[in-house]
Each structure stands twice: as C-alpha cells, then as structure tokens.
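Could you walk me through this structure in the viewer, one selection at a time? I would like to know what to pick next and what is there.

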2 protein chains.
Amino acid sequence: MNNILIIGAGRSSSALISYTLNKAKELGWFVTVADANPDLAVKKVGDHPNGRGTWLDVMKVNDRRELIERADVVVSLLPAHLHLEVAHDCIKLKKHLITASYVSKELYRLGDAARDRELIFMGEMGLDPGIDHMSAMQKINNIKAEGGELTAFRSYTGGLIAPESDNNPWHYKFTWNPRNVVLAGQGTAQYLENGKFKYIPYHRLFKEHRPVQIQGMGEYEAYANRDSLLYKDVYGLSNIPNILRGTLRHKGFCDAWNALLDIGLTNASYPIMDSEKITYHEFMEAFTSNQAGTSVKEKIAILLGERPNSPVMKKLEWLGLFRKKRINLPNATPALILEHLLLEKWALKEEDKDMIIMQHEFEYKLNKEKKLLTSTLVLKGRDSLDTAMARLVGLPLGIFVRLVMQGKITSTGVNIPVMEEVYEPVLEELKEYDVEFVEKEEVIG
Amino acid sequence: MNNILIIGAGRSSSALISYTLNKAKELGWFVTVADANPDLAVKKVGDHPNGRGTWLDVMKVNDRRELIERADVVVSLLPAHLHLEVAHDCIKLKKHLITASYVSKELYRLGDAARDRELIFMGEMGLDPGIDHMSAMQKINNIKAEGGELTAFRSYTGGLIAPESDNNPWHYKFTWNPRNVVLAGQGTAQYLENGKFKYIPYHRLFKEHRPVQIQGMGEYEAYANRDSLLYKDVYGLSNIPNILRGTLRHKGFCDAWNALLDIGLTNASYPIMDSEKITYHEFMEAFTSNQAGTSVKEKIAILLGERPNSPVMKKLEWLGLFRKKRINLPNATPALILEHLLLEKWALKEEDKDMIIMQHEFEYKLNKEKKLLTSTLVLKGRDSLDTAMARLVGLPLGIFVRLVMQGKITSTGVNIPVMEEVYEPVLEELKEYDVEFVEKEEVIG
C-alpha cells in the first residue's frame, strides 16, 4: 500500500494533509488531494514531492472512481451526506475509508460488505466525534480493568476562543461551522441522572446550563447535548446510572443565547416578510407584541424578563440588534438573519487563536472508595488558519491513515474508534503534537 | 337532483344528518349515510323513510365509486387527508362535493377540472373554518359598500364549556378533537399590527395571551392563531394594517397551558423511556434538572417561576401530574401522555353543555369618523351529544347542500364560502336555528 486519497481540501484538511505529507516522505507514500476547487488542493500540497493536488467534482462518478481506484486508503472530508457515494465505490473497488463525520445508518448497513472484503470503514475519527470516544474509552477500560465500577460519566467539549483573543462581551467567536452553532440543541436533550431518564426541551436548554470546573482553567458553563444516551452501550456503560454529554461555553454565554432563542431568532422554519427591506431594529420589533415599554429595546427586555442594562441586554445591544441598519437579506429566516449578523460580529481575526477544551469526569467505586477521575484536554490554535480545531480533527485522521497503511489495524467493517488497537496508538502519538489529557484523581466518598 | 351522499357518521355528523333528513321529506330527497361503522350510520338515520345508513370502507375504490355514482351531491366528513380520493371520484363522476375541512393545495389544483364540468367543490363550510368566513365577509362587504375603509380586523373563536357546566379549575373540557387541543399553536403565529408583521414563536404563544371583552359575556383571553395572514387577500383586505385571528379561552387558561408547554409536555416528537412503567410523578421528575427544591412539585414550581400554591400550580396539581399513579401507556410521547390524562380530567359529562363564542371586531373609517363594529355569536349546546360545535359545523353544511340541490349556486370550481350568494342565504337560515350574531357599533375616534 502506498497511495492515499484525501477528498476535500477545505478548512478541516490542513493538519491532515501536512501530517500525511510529512509521513509520506519517510514511508514512501504518495498523497493525492482532490477538491472541487483545484487551486485549494494544489496550494495545500505545495511543491511536496510526495503529493499532488487535483480537481474532483465528486458527483462525476467516473472521475471519482478513477481517483479512488488508484488509492489504497481514502479519507473523505466531504459534507456528511456525500460519504455514502464514496463508501459504495470503496466497497466496489476494495479500498479502506476514513471520515470524521457521524456514521449514518446507511453507512452502518455497509458493515457486512466491508467485512467480507476485509476493509475497515472508520467514521467519527476526528475531535468530537473522535478524540472524545478514544479518550473516554481508554479511561473506561482502564477503570474496569482495575476492577472499578463506573457510576457516572460526564463529558464536556467546547470549541472556544483562547483568552488572549477574547475581546467581545459574548467571549465567543466562530471557530467552526456557524450554522451548526446557530441551530445547536434543537430537539430535546436526554440524559441519565441517578438511574432516571431526564429531558430538557430546546426552549429551556440554554436557560438550564450548569457550571463546570475545568482543570487549570476555572469555571465554564455547559448545556446538555441531545445525544448523551447514544454511546452508552457502545462505551460498555449499559447500566451506568449517570451519563451526560455537554457543550462548554464561557460563563454568561448560555443566558444570552437563551435570550436570542426566547425572542425567536434561532428559528429556521419560516421566512421573515420583507427581510431584504427591514432593519435589525424592525426585525426585533416584529417579535414584540403587547409588552409595556416605549422603545423596542425596553419591550424586548420586558419580554425576556431582563433589566434594560443587564449583562444579557448588553450582549444583545453589542450585536447591533437594536440598530436601524438594513438587514439586506431576501427571504431570510430568523436563524439566517442571526447567522449573517453573527458572522460579522463573531468573525475570527487573522491572528486570533481558538481553544478546544474537552473534559471527561468518571465517578467509580473501587475497593469501597468512591473516586472521581477528571481528564482534561486544553489546546490552543496558533492563528485563524492553524486552529486547534483543525489540528484535533486532522491529526487523528492522519494517524489512523498511518496505522492502516502500515497494516496495524485488524478490525474490519464499519466502526467508530472505541477499540484498544485504535485508541492506544492514536492517543500516544497525539502527545507528540501537544495533544495530551491532564488527569486528576480524587477520593470523593 | 335528489340524491345526497354523506360520508362519515361520526361526532360532527348529527346536525347535518338531521337537517338533510328533515328537508328530504319536504323536498323529495334521498339521503345515504355511509360509514366504516355501519351501525353508527344506520342509527343516525333511524327509520326515516327518506334515508338509509350503509357500510363503506372508503379505501375500497369500487364500493366508494358505486355510492358516489348514485349521488348528486357528496358531503365528505372524512379526515382531511381522505377528501382528495373522494374529490377525484367526484370529478370523474361529475358530482358536487362539500366539506368542512381546510382546502388543501392538492384540492385547489382540481379547480379547473371542477369548473370545466360545472361542479362546485366547497370546502371550509363548517364553523371555523366556515361561519367565520361567512360572517366576516358579510360585514366586510357591507362596510365597503357604505364607503368605509377597514383599518383593523380581529376575529376570535373558542370552543368552550358553558358556564353552567364549568366545574373545574381550568374552566375547560374537551368539546372537540383532544389531539388538536394538545398540539395547538405549534409553529409560529404571524399577524399584522399597525402595518407591521409580527411573529410569536410557539414557546411564547400562550404566555403572550391578550384579554378580549366578549359582548354580554365579560372578559376572556385569546392566543394568536398561526394563520392570521392567510385570508387577508381572500377577504379583500390586502392593504389592511391590522389583522389578527385568535383562539378564545377562559381567563387563566393560557398561563396554565403555558406551564404545560414550558415543562415540555406538549412535545410529540420523541417517546418517554419506560412510559408504560413510570408514574405521573416520575414523568414530571424527568423534566426537572438542577432546580433547587426538595419535592418534584417544588422543583417544577421553580422551573416555571411560580409560587408553589399559585393558580397555575393548583391547576397542574388538579390534573394529577404529581400523583404516584402509573401512566400505563407504552412508547408514549409527552403529548400523548398529556392527552391521555386530559381525556380523563376534561371529559364532557353526558349532561354537560358546550359553548361556542365567535367574535369579530372591525375598525373602519367612514365620513371622518373612526368606528368599531363588534359582531358576536354565542351558542350553547343542549348536552354532550347535541353540542353547539356539532350544530355549527353541521348546519352550514346542510344549508349549503340544500342551496346546491335547489340549483341556487352559480359558482363553480374549488371555493371557500366568501361569496354573497353563499353567505347571505346561509347566515339568514342559520337564524332559524338560533345562530345569530349580535352587533354593536361604536364611534371610537
């Protein structure tokens, strides 16, 4: 095996491409990077002798198959809904496939076909999902091997702005997909507490945030993810009485985001009439009804149950929601108008550094003691291109490519990285890139 | 023409069937009532010489067509999604069709075909939609004919319990489809105020109720319907600056319903785990998270921002939401569990009387005066079978059947009852059945 195909040269590809090119020289690989924008692919490969950038319209079946045919391992960084086409080709042409996306039901259905052909299709091999699975599984299996009985697993991840680049009252900038941030949490969050199922509907999700102490960083806040129960069985925690996955934000963020949600600004289901003509001030006015108050700002404060100069109201005002400036977006939903505004206000500056925090908390009983193991990863980016996010998505992908290329993976079929032969070498090698969890163990009862 | 086919002999059919049978004797008609439950159809027709009840499984195409073939006018009381099959048969077999349901886009598409065959397909010919259209159009056209310029149209309808049968703290019982009551308002309410579009998202809809003075009845409260803008053009009010349609409830209802919504009990999108095993008390507990408070009731009060003995909390308690009684419903969504509980608590007793209130408010300028015309209908049922709701849905259908049978309708195609040749005779004849709007006109500026 010596040919790697990476499909997609966008934002999340840099760390993966440079990792594989570095290894390519040493291990005699050739790396092809294909993108609908060939300039982007060519630029990312540079003049590296072991790589080339090329054009690919992934919907052109013959072009796609020709590239896949020549590869041994394919990494798809395409939008999640496009993986399936590539996966079918990989079955047909007998190629391994790696992605950082959630594994869909449709992809899982290819498991037998992949196994029959002795292929590994590895999904959720990035940061979240990805490093979260691997780092949690390592601790869970260690605790079990010691004879410990897990009683609680809580896991929090946040894609944040580093303190040195944090200069707005929201303490937040877009370091990843803005649309996902605007629509985050829609549905109902479900988790387990003291053996009982718990539900938080979307309209209360951000109001019901909880404080989380991050080792070495201080207090943050978290809102519950929708999928806390999803990995319970996969992680081997079928009978655990407490399980919660959450998203981390800076203190004060959730209350202010709750205000945007409560007004109705995160709704993507209907267009605002005349949205190309009206101002942000009129947009806000459209959500007020019979509140007292003379100004739109006062009415919104009353609607939210906030004092006019509360920290929440100051954050709304800072966004420019009460300005008489035209929105200038035709046929836009409230969520699209909000996204458009935030893209400007929460833009990462060139020199800005992002910061990823991931913290797992494991409570377990061992030898009649109750213990708490806290395992924390904090990583900052270098600037707005070389982000911690891109590194933490790209490096696990790259390392796993290496493991497959070197024949070190025996698993076959459709998988996520919860097996020792994957998480041990990946987590070990990540340390070389300053990606290391800090641990603290306490006796709590 | 002398044959009428009524498909459906359920709850809403009684007034229609007795009206048409009464007229049948006088006018020489024959009325066939068909239902999947033939006993129901036979019972509703009784031993009337001009009618018969029969069995029909509406999905059996040949049986359905055979019945339709023999009719001149078909009234479909089927669930809304089944009208379309019947409508296609009516096109093919050249029969008029009448329903009380909202006209779907698919049904509107049959307009040209119906017109070509000189057929009338009349939808929205019940109470709401139905009487609301007719009574509003009559006043709007009168005001315009006088030279008045309409500046506001507000219309409120409520299916309520009559004061003499009102004996619970919610002042509400189910007089119509319980599921529609539980899911009411989901989406975003849109209306016009002072020429500006207004939006109320579902999670604030019941909190933002407004008081409405009902002539002769006192103060009620209303929440905005989703569809206020839908009939603006159809009613000839394209440039009106204020338009609002709302649903009427007894004072105090909306705040308490808002509490159910806020907890998450009106959500029909996911099942509650182990819903067959848990109690209502555990069901409530599942929606609490990190609220202070020792009991589940206290936590819920805090979640809602209510004092523990507030009128809202008393209404929740009266429903039995904090009782340790098993729910006993497998795989149920929160909304289904709530519906199941309310079906017991809000059941109409045999002797209970329902009450329909419909009130239109028209503001208009005429001769430099600003006027307000209030037009109000209040009708009570006789008992739990002969309800005001059934009469107000069935009588307009019946009267319109008569008009069509007697050749008095010239309109063709797919319609709703906004034309004078329909609303004048229907509203006039409704008075014989004590269905009469009371009017008040005031100079307000």
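Is A:T151 buried or exposed? Select this residue to begin the tour, and keep in mind that the model is predicted. With a relative accessibility of 11%, A:T151 counts as buried, because buried means under 20% relative accessible area. The residue sits in strand β7 of chain A, which covers residues 149–161. Show its surroundings and, leaving out residues up to four places away in sequence, you will find that A:T151 touches A:I240, A:P241, A:N242, A:E363, A:Y364, A:K365 and A:K370.

**A neighbouring selection: A:K232**

A:I240 also turns up around A:K232, so pick that lysine next. A:K232 belongs to the loop between β11 (218–224) and β12 (242–249) of chain A. A lysine in a loop invites a check of its accessibility: the relative accessible area of A:K232 is 14%, so this residue is buried. Beyond residues up to four places away in sequence, A:K232 touches A:L192, A:L237, A:S238, A:I240 and A:I243. For a distance to draw, try A:K232 to A:I243: their C-alpha atoms are 7.7 Å apart, and eleven residues separate them in sequence.

**Backbone oddities in chain A**

Now switch to the backbone. Most residues other than glycine have a negative phi, and most peptide bonds are trans. Here are some exceptions to look at.

- Select A:E124, which is not a glycine and yet has a positive phi of about 55°. A:E124 lies in the loop between β6 and α7 of chain A, and at 3% relative accessibility it counts as buried.
- Stay in that loop for A:P129, found between β6 (120–122) and α7 (131–146) of chain A. The peptide bond that leads from A:D128 to A:P129 is cis, with omega near 20°.
- Jump to chain B for the bond between B:D128 and B:P129, which is cis too, with omega about 15°. B:P129 is placed in the loop between β6 (120–122) and α7 (131–146) of chain B.
- Go back to chain A for A:D274, another non-glycine with a positive phi of about 55°. A:D274 is in the loop between α10 and α11 (280–285) and counts as partly exposed, at 33% relative accessibility.
- Finish with A:K94, which follows α4(A) and has a positive phi near 60°. While you are there, colour the buried residues of α4(A), residues 83–93: A:H83, A:V86, A:A87, A:D89, A:C90, A:I91 and A:L93.

**Helix pairs**

How do α10(A) and α12(A) lie relative to each other? Select residues 253–263 for α10 and residues 296–304 for α12 in chain A; they pack at an angle of about 100°, with axes 10 Å apart. The two helices are therefore roughly perpendicular. Show side chains where A:A259, A:D262 and A:I263 of α10(A) meet A:I300, A:L303 and A:L304 of α12(A). This contact consists of five nonpolar residues, no polar ones and one charged.

Move to chain B and select α3 (residues 61–69) with α4 (residues 83–93), which pack at about 50° with their axes 10 Å apart. That angle makes α3(B) oblique to α4(B), and their crossing is right-handed. From α3(B), the residues B:R64, B:R65, B:I68 and B:E69 meet B:E85, B:V86, B:D89, B:C90, B:K92 and B:L93 of α4(B). By class, the contact has four nonpolar, no polar and six charged residues.

Next come α15 (residues 388–405) and α16 (residues 420–430) of chain B, packed at about 120° with axes 10 Å apart. This makes α15(B) oblique to α16(B), and the crossing is right-handed. Among the residues in this contact are B:L395, B:I399 and B:F400 from α15(B) and B:V422 and B:V426 from α16(B). In total, the contact counts nine nonpolar, no polar and two charged residues.

**A glycine to centre on**

Centre on B:G413, in strand β15 (residues 413–415) of chain B. B:G413 is buried, at 0% relative accessible area. Its C-alpha is 6.3 Å from that of B:D112, although the two are 301 residues apart along the chain. Contacts of B:G413 beyond four places in sequence include B:G111, B:A114 and B:F121.

**Zoom out: both chains**

Lastly, display both chains. A turn of 180° and a shift of 0.1 Å along the axis lay chain B on chain A with an RMSD of 0.1 Å. The two copies are thus related as by a two-fold rotation axis. To find that axis from chain B, select B:H203, whose C-alpha is the nearest to it, at 3.4 Å. Of the interface residues of chain B, 100% are also interface residues in chain A, so the copies meet through the same surface.

Definitions and conventions: Residues are numbered from 1 along each chain as its sequence is written. Chains are lettered from A and ligands numbered from 1 in the order in which they are written. This is a predicted model: local features need pLDDT of at least 70, side-chain atom pairs count only at pLDDT 80 or more; totals for chains, interfaces and linings use all residues. Side-chain values use heavy atoms; hydrogens and water are left out. Copies are superposed by least squares on the C-alpha atoms of residues with pLDDT of at least 70 in both. Contact means heavy atoms within 4.5 Å. Axes are lines fitted to C-alpha atoms, for helices over the stretch in contact, and angles run from 0 to 180 degrees between N-to-C directions. Helices (H or I, at least four residues) and strands (E, at least two) are DSSP runs, numbered from the N terminus. Angles under 35 degrees count as roughly parallel, over 145 as roughly antiparallel, 65 to 115 as roughly perpendicular and the rest as oblique. A crossing is left-handed if the near helix is turned anticlockwise from the far one by less than a right angle, and right-handed if clockwise. Ala, Val, Leu, Ile, Met, Phe, Trp, Tyr, Cys and Pro count as nonpolar, Asp, Glu, Lys and Arg as charged, and the others, Gly among them, as polar. Buried means under 20% relative accessible area, exposed over 50%, partly exposed in between (1.4 Å probe, protein chains only).
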